Amino acid sequence: MNEERMENGIDSDDDLQPEEIPDYLRDRRRAKSLPAYPEQANLYHQISRNCRKRVKFADALGLNLASVKHFNTSEDPHIPAKVFSRLKSFPLHHDRDFMDDLCVNLKSTLTLERLVPAFKMPVDSSDLEMRLTRCHVALESVTITQFDVRGIIRAMGTSNRREAGVRYTFNDWLSFVDTQAILMPTENKTNRERFSFTMYTPPFLVPSASVHFAVYMKEDNCEFWDNNDGLNYSLKYSSTSCETAAFHAI
């Protein structure tokens, strides 16, 4: 039988039946290495046997598992007497006078550089309609912010396909930018329309620089311009003074 097991590729003692295991193999046990330090091994064994973790809950000791504290909003908070004594010794009137003097001294005059129109706003003039009839396009108004210039263009024509826009420059027409305006919705169907545009001003402009622009309208391969009668519409930097208080005492 042993030869048959060898032929079948089985030579492990684990595959033998209990009655087939030889006597000299039945008493075989897995060998254990001896500890390198027997005294320390004995000490560790005694400590691990005696020091077992034990868990006890509060209710086992007669205590509550949770502690709940209720607060009443009508109750006055308990303030230590030391805090009251410090508040009484605080020089309130003296500090208020000091803060008032500080507010007065911190008032300063700030000079702000901002673009302002160098022309009269067309919407405030009486010849806006005359200019529109003569040029077929006219600037209505502009609004200047810290980062851009927004304006409105009026245009008139006979075609339903017309385009309006603005051409502007920052370097006296050495180069320029064309920006198309957007048609503003209206309920009245007439030959006169209003367009809105936005010009973005770069942050690196020097205070002596100026922005020049003109508005146009294109219709049926024709161009119509409003350039302020050849003078161009110009925006220049101007100093604006404003007195500002740093803060106000109560």
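A salt bridge here is a side-chain nitrogen of Lys or Arg sitting within 4 Å of a carboxyl oxygen of Asp or Glu. In this predicted model, Arg194 and Glu140 fit the bill, with their closest N and O atoms 2.8 Å apart. The two come from distant parts of the chain: Arg194 belongs to strand β7 and Glu140 to strand β2, 54 residues apart. How accessible is each partner? Arg194 counts as partly exposed, because its relative accessibility is 34%. Glu140, on the other hand, is buried, with a relative accessible area of just 6%.

That pair has company. Searching the whole structure turns up 12 salt bridges. Another of them joins Glu129 to Arg154, where the closest N and O atoms are 2.7 Å apart. Glu129 lies in helix α6 (residues 128-135) and Arg154 in strand β3, so this bridge ties together parts that are 25 residues apart in sequence. Glu129 is partly exposed, its relative accessible area being 34%. Both of these pairs feed into a wider arrangement: Glu129, Glu140, Arg154, Arg192 and Arg194 are linked in a network of salt bridges.

Helix α6 turns up again in the pairing of Asp226 with Arg131, whose closest N and O atoms are 3.2 Å apart. Asp226 sits in strand β9 (residues 222-226) and Arg131 in helix α6, so here the parts tied together are 95 residues apart in sequence. Are these two partners buried or exposed? Asp226 and Arg131 are both buried. As a general point, side chains of opposite charge can pair when their charged atoms come close.

Now for the nonpolar side of things. The largest nonpolar core has 25 residues, and the members touching the most others are Phe119, Leu139, Val142, Phe197, Met199, Phe213 and Leu235. At least two core residues come from each of β2 (137-144), β3 (148-156), β4 (162-169), β7 (192-200), β8 (210-219) and β10 (233-244). Met199 makes a handy example: leaving aside residues up to four places away in sequence, Met199 touches Asp148, Val149, Val166, Tyr168, Phe213 and Leu235. Phe213 and Leu235 are themselves on the list of core members with the most contacts to other members. In soluble globular proteins, nonpolar side chains tend to be buried together.

Lastly, the cysteines. How many disulfides does the structure hold? Zero. Cys135 counts as buried because its relative accessibility, 13%, falls under the 20% cut-off. Cys222 is partly exposed, with a relative accessible area of 37%.

Technical notes: Residues are numbered from 1 along each chain as its sequence is written. This is a predicted model: local features need pLDDT of at least 70, side-chain atom pairs count only at pLDDT 80 or more; totals for chains, interfaces and linings use all residues. Side-chain values use heavy atoms; hydrogens and water are left out. A disulfide is a pair of cysteine sulfur atoms within 2.5 Å. Buried means under 20% relative accessible area, exposed over 50%, partly exposed in between (1.4 Å probe, protein chains only). A nonpolar core is a set of buried Ala, Val, Leu, Ile, Met, Phe, Trp, Tyr and Cys residues joined through side-chain atoms within 4.5 Å. Helices (H or I, at least four residues) and strands (E, at least two) are DSSP runs, numbered from the N terminus. Contact means heavy atoms within 4.5 Å.
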